[in-house]
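This report looks at how two parts of a protein chain meet and at how the protein meets a DNA strand. The model comes first, and the description follows.

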Amino acid sequence: MKEANQLVENFQSEAFCDDLITWYRKEKRDLPWRLNQDPYRIWVSEIMLQQTKVDTVIPYYERFMDKFPSLKDFAHADEESVLKAWEGLGYYSRVRNLHSAVKEVEEKYDGNVPSTKEEVSSLKGVGPYTTGAILSIAFDKPEPAVDGNVMRVMSRVLSSWEDIAKPKTRKLFEEVIYKVISKEDPSSFNQGLMELGALICTPTSPSCLLCPVQKHCRAFEEGVQKELPVKSKKTPPRYVPMVAGFFTTEKDTLLIHKRADQGLLAKLWEFPNVEVSENGGRKEEQLAMYMKETYGLDVAIDEYVVNIQHVFSHLVWDITVYRGRVIGHVEEKRDVVCVTKEETEHYAFPVSHQKIYKECTGLKKK
DNA sequence: AATTCGTGGAA
DNA sequence: TTTCCAAGAAT
């Protein structure tokens, strides 16, 4: 691996910064988190934007800020409403960590987001990238904020052939950015690199003819911009067959279950379900047995409804859904409740189980 | 270092 | 259709 010093050798950092920042100030998109420099608003946006596209985030961000306008509002919000605000965005540990960290700021820092690297990076859910983003965008500090855009753009600008999927490569580019970053306007520099990656220096077929830093780009000079960056492939997702039950009770309510506090889709609500085993008999029987063993409930399976495939980053659920009824009284617990269809609106479900609900209630997906 | 954590949309 | 991803962090 080349060192950062070698990569930036003979690189005209000042001219690069000027061209990048001038372009950014003129062409930057009008996004809701660019309204002001409120550290809370910047922080929330950076968490939402992790591994998530701008177009997806915007409506969530608007609703979130309507619901929790200030850091104090969010700090005092209840967990269920917090999860509900994140419903459908994915990576739900983001909002659990954010809520925890905001409460810490409210108590430990009297509601003021800290502005030192040590304090910011110690907050839950705030890693190297988000630390640099908060410090540079909210506090104008010259810290690198190296995300996927920055690694792609700098790989091309410096014609680096390092595998950007390797953790070491991010550290290399952090060193590079420390040497290149504008001290006058680190906020526009960092956001400019990301904006460039999003609008011009895209993963496939970059628009080099429109690029404001084309004359600084070694990949363009060498004609290899489409070969860069190098990125190794991830392991394909694991296939998981499941069976789920849409159970009504004798009171004509729905039986739902709260998932565990940790792990996949933690603390979200779902319809009772279990992974199907190969030699465990028919799926209806496995579901009924699961209901008896896990909840002590006798159930009647009425009909097969649908199969739902849901793809995660690391696994694929194939859920066979049955409609059924609970026989007898249901004793509600912390993680097992019976709700009317209207009341489901107050519970946060993962998208896969929203699909189950829609299929079982006959609602059309839009 | 390699996995685990979601989702919807573009290529 | 399949692949790949998008402003990553925690373990």
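## Domain interface and DNA surface

In this predicted model, the rule finds two salt bridges across the interface of domain 1 and domain 2. In one salt bridge, K267 pairs with E79, and their closest N and O atoms are 2.5 Å apart. Polar contacts also cross this interface: six residue pairs are found, with both residues at pLDDT 80 or more. On the domain 1 side, helix α6 (residues 79-86) supplies the largest share of the residues that touch domain 2, namely four. Sorted by class, that side of domain 1 holds five charged residues, three nonpolar residues and one polar residue.

The two domains belong to chain A, and the assignment splits domain 1 into two segments, 4-145 and 167-198, while domain 2 covers 238-361. Their C-alpha centres are separated by 37 Å. Contact between them involves nine residues of domain 1 and 18 residues of domain 2. About 980 Å² is buried between domain 1 and domain 2, and carbon and sulfur atoms carry 49% of that area.

The second topic is the DNA. Which residues come nearest to DNA strand C? Of the 26 residues around the strand, they are Q51, G125, D147, N149 and P203. On the DNA side, 67% of the strand C atoms that come within 4 Å of the protein belong to sugar and phosphate.

The table lists backbone atoms of the protein that lie by a phosphate oxygen of DNA strand C.

| Residue | Protein atom | DNA strand C atom | Distance |
|---|---|---|---|
| Q51 | backbone N or O | phosphate oxygen | 2.5 Å |
| G127 | polar backbone atom | phosphate oxygen | 2.9 Å |
| Y129 | backbone N or O | phosphate oxygen | 3.3 Å |

Two or more residues of the surface near DNA strand C come from each of the elements α9 (128-139) and α10 (148-157). By class, the surface near the strand consists of nine nonpolar, eight polar and nine charged residues.

Taken together, the description covers two contact regions. At the domain interface, E79 and K267 form a salt bridge, and helix α6 gives four residues to the domain 1 side. At the DNA, Q51 is one of the nearest residues, and a backbone N or O atom of Q51 lies 2.5 Å from a phosphate oxygen of strand C.

Technical notes: Residues numbered from 1 in each chain as written. Chains lettered and ligands numbered in written order. Predicted model: local features only at pLDDT ≥ 70, side-chain atom pairs only at ≥ 80, totals over all residues. Heavy atoms only, no water. Domains from an automatic or database assignment. Contact = heavy atoms within 4.5 Å. Buried area = accessible area lost by both parts, 1.4 Å probe. Salt bridge = Lys/Arg side-chain N within 4 Å of Asp/Glu carboxyl O. Polar contact = N/O pair within 3.5 Å; in protein donor to acceptor, adjacent residues only side chain to side chain. Nonpolar A, V, L, I, M, F, W, Y, C, P; charged D, E, K, R; others polar. Near = heavy atom within 4 Å.
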